[in-house]
Amino acid sequence: MSKRNKVLHKVVEVVDSATGEIVTQSKSYSIKVNAENFFITYIDSMANFYNLKSAVDMKVLARFCEKAEFNTGKVLLPSPVRNELCEFLKISSQQLTNSIANLKDIGLVTGERGYYQISPQVYWKGTSEARRNILANGGVSMNLTFELSE
């Protein structure tokens with residue numbers, strides 16, 4: 001279990017009995033808290049997950065979820081990390097490239113050239129507030145394809 005710093009803020013408003021003025025006092029302090037490694041899956045947005053056709057894609061996605069940065073969903077994949085990932089999953093570099101392309105095509109991952117982000121619509125590792133901020137600010141884009149039959 002890893003330790004993370006958590007900054008807490010306490011704001012107290014007190015009425016000065018002599019003047020009747022409201023006095024605000026603020027105190028911030030930092031504590032270390034235990035944080036388990038986790039990621040959350042959002043059931044309502046799972047449709048893209050069912051489009052995964054390859055076991056390799058599922059393994060790559062699971063590993064991306066494990067490696068994602070807390071509160072950002074970013075996965076940095078420089079050459080040494082990419083090589084470690086291929087070795088860990090027992091796949092070739094080309095298989096990894098193909099798998100990442102598949103995950104991008106169905107909207108589970110965005111990014112390119114070693115800098116990726118897992119869609120917070122489906123998977124998230126961090127606080128709910130950080131996820132809401134990313135979604136509100138358009139931090140991740142998803143591509144949807146519709147086909148009309150006549």
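Select Arg63 to begin: at 11% relative accessibility this residue counts as buried, because the cut-off for that word is under 20% relative accessible area. The model on screen is a predicted one, and Arg63 sits in helix H1, which covers residues 55-67. If you now show what surrounds this side chain, leaving aside residues up to four places away in sequence, you will find that Arg63 touches Glu84, Leu85 and Phe88.

**The chain as a whole**

Before going further, zoom out and colour by secondary structure, which comes to four helices and seven strands. Followed from the N terminus, the elements run β-β-β-α-β-α-α-β-β-β-α. Of the 150 residues of the chain, 29% count as buried, while the accessible surface comes to about 10,500 Å², with 51% of that area belonging to carbon and sulfur atoms. Among contacts between residues at least 6 apart in sequence, 58% join residues at least 24 apart.

**Helices H2 and H3**

Next, select residues 79-89, which make up helix H2, together with residues 93-105, which make up helix H3. Two packed helices are described by the angle between their axes and the distance between the axes. Here the angle is about 100° and the axes lie 9 Å apart, and H2 and H3 are therefore roughly perpendicular to each other. To see where the two helices meet, show the side chains of Arg82, Leu85 and Cys86 on H2, and those of Ser93, Leu96, Thr97 and Ile100 on H3. Leu85 has already appeared on this tour, as one of the residues touched by Arg63.

**The three-stranded sheet**

Now turn to the open sheet formed by three strands in the order E4-E6-E5, where the pairing is antiparallel. Strand E4 (74-76) and strand E5 (109-112) stand at the edges with a single partner strand each, so one side of each is left without a neighbour in the sheet. Looking across the sheet, you will see neighbouring strands turned against each other by 20° on average, with direction ignored.

Strands of a sheet pair through backbone hydrogen bonds, either parallel or antiparallel. Select E5 with strand E6 (residues 115-118), and you have a pair joined in the antiparallel sense over four bridges. Within this pair, Val109 has Ile118 as its bridge partner in E6, and Glu112 is matched with Tyr115. The hairpin of E5 and E6 has two residues between the strands, and at Arg113 the phi angle is positive, near 50°. On the other pairing of the sheet, E4 and E6 are antiparallel over three bridges, and here Val75 stands opposite Tyr116 of E6.

**Helix H4 and its two sides**

For the last stop, select residues 128-136, which form helix H4, and highlight Ala130, Arg131 and Ile134, which are buried. Viewed down the axis of H4, the buried residues fall within an arc of 100°, so they line one face of the helix. Which residues are exposed on the other side of H4? They are Glu129, Arg132 and Ala136. To see what covers the buried residues of H4, bring back E6 and add strand E7 (123-124), since both are included in that cover.

How values were computed:
Residues numbered from 1 in each chain as written. Predicted model: local features only at pLDDT ≥ 70, side-chain atom pairs only at ≥ 80, totals over all residues. Heavy atoms only, no water. Pairing = 2+ DSSP bridges. Axes fitted to C-alpha atoms, helices over the stretch in contact; angles between N-to-C directions. Buried < 20%, exposed > 50% of the residue type's maximum accessible area, 1.4 Å probe, protein only. Contact = heavy atoms within 4.5 Å. Areas by Shrake-Rupley, 256 points an atom, 1.4 Å probe, with all protein chains shown as cover. Arc of directions from axis to C-beta. Parallel < 35°, antiparallel > 145°, perpendicular 65-115°, else oblique.
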